[in-house]
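Let's go through this one by asking where the labels come from. Have a look at the chain and its fold before we start.

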Amino acid sequence: MDLKKWVRDIPDFPKKGIIFKDITPLLNNAKAFRSTIKQMADALNKVDFDVIAGVESRGFIFAAALAYKCKKRFVPIRKKNKLPHEVHSMEYDLEYGKDILEIHKDALTKKDKVVVVDDVLATGGTIHAIEKLLQLTNAQTKAIVFLMELDFLKGRSKLSCKKIVSLIHY
């Protein structure tokens with residue numbers, strides 16, 4: 001299924017000059033959503049992994065469903081002060097400032113082989129920070145999966161993971 005037809009453009013959101021890629025039509029269509037999860041699972045067919053890490057917030061949608069489909073554990077990666085136990089933290093740059101991502105210290109071990117799932121790869125700043133965050137856990141990042149990638153922003157060039165999958169390219 002061509003997933004691109006289920007993503008709509010919203011001009012000037014969240015600010016003038018930006019064309020936002022809205023995935024809510026895809027989420028609102030059961031067939032398109034199932035196809036998305038199946039395509040993600042198929043892309044991981046030959047990847048040896050045991051954990052799926054989902055990135056707050058829209059990454060959770062795909063990561064949890066994919067973990068269920070693949071019969072794997074799910075680990076959330078959240079923004080600062082959202083996790084209740086001891087955490088590893090990683091600061092990263094945003095367009096206008098900084099933010100912090102966190103993961104529970106006991107969520108992963110050096111034996112874990114992780115697939116990271118998020119909705120979009122844009123500049124690569126968030127996922128690059130997640131790669132560094134996962135290094136603190138000593139887990140191995142085996143693949144990173146995105147619903148879509150904004151190729152013109154060259155975010156892929158910031159990532160060290162060898163297996164990067166994006167279902168839709170713009």
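Q: Which element gives the most to the lining of the largest pocket?
A: That's β7, with four residues. Bear in mind that this is a predicted model.

Q: What makes a residue count as part of the lining of the largest pocket?
A: A lining residue has an atom within 4 Å of a pocket point. The pocket has a volume of about 1,200 Å³, and 34 residues line it, with E95, V120, A122, T123 and L150 the closest to its centre. Elements that give two or more residues are β2 (19-22), α3 (58-70), β5 (87-94), β6 (97-104), β7 (113-121) and α4 (125-137).

Q: How do the residues of that lining divide into nonpolar, polar and charged?
A: There are 17 nonpolar, seven polar and 10 charged ones. Gly goes with the polar group by definition.

Q: What makes β5 and β9 the edges of the sheet?
A: The order of the seven strands is β5-β6-β4-β3-β7-β8-β9, in an open sheet with mixed pairing. β5 and β9 (164-169) each have a single partner strand, so one side of each has no neighbour in the sheet. On average, neighbouring strands are turned by 20 degrees against each other, direction ignored.

Q: How do you know that β3 and β7 pair?
A: Pairing takes at least two bridges between two strands. Strand β3 (residues 51-55) is joined to β7 by four bridges, so by that rule they pair. The two run parallel, and G54 stands opposite V117 in β7.

Q: What makes α2 and α3 a contact?
A: Heavy atoms within 4.5 Å count as contact. On the α2 (residues 30-43) side, F33, T36, I37, K38, M40 and A41 meet I61, F62, A65, L66, K69 and C70 in α3. By class, that contact has nine nonpolar, one polar and two charged residues.

Q: Is the crossing of α2 and α3 left-handed or right-handed?
A: Right-handed. The helix axes come within 10 Å and cross at roughly 65 degrees. A crossing is called right-handed if the near helix is turned clockwise from the far one by less than a right angle, so the label records the sense of that turn.

Q: Which strands do α3 and α4 lie across?
A: α3 lies across β3, β4 (73-79), β7 and β8 (140-149), at about 160 degrees to β3. For α4 the strands are β3, β4, β5, β6, β7 and β8, and α4 runs at about 160 degrees to β5.

Definitions and conventions:
Residues are numbered from 1 along each chain as its sequence is written. This is a predicted model: local features need pLDDT of at least 70, side-chain atom pairs count only at pLDDT 80 or more; totals for chains, interfaces and linings use all residues. Side-chain values use heavy atoms; hydrogens and water are left out. On a 1 Å grid over the protein atoms alone, a cavity is a set of points where a 1.4 Å probe fits but cannot get out, and a pocket is an open set with protein on both sides within 12 Å along at least five of seven lines; lining residues have an atom within 4 Å of a point. Grid points are joined across faces, edges and corners, and a volume is the space filled by probe spheres set on the points. Axes are lines fitted to C-alpha atoms, for helices over the stretch in contact, and angles run from 0 to 180 degrees between N-to-C directions.
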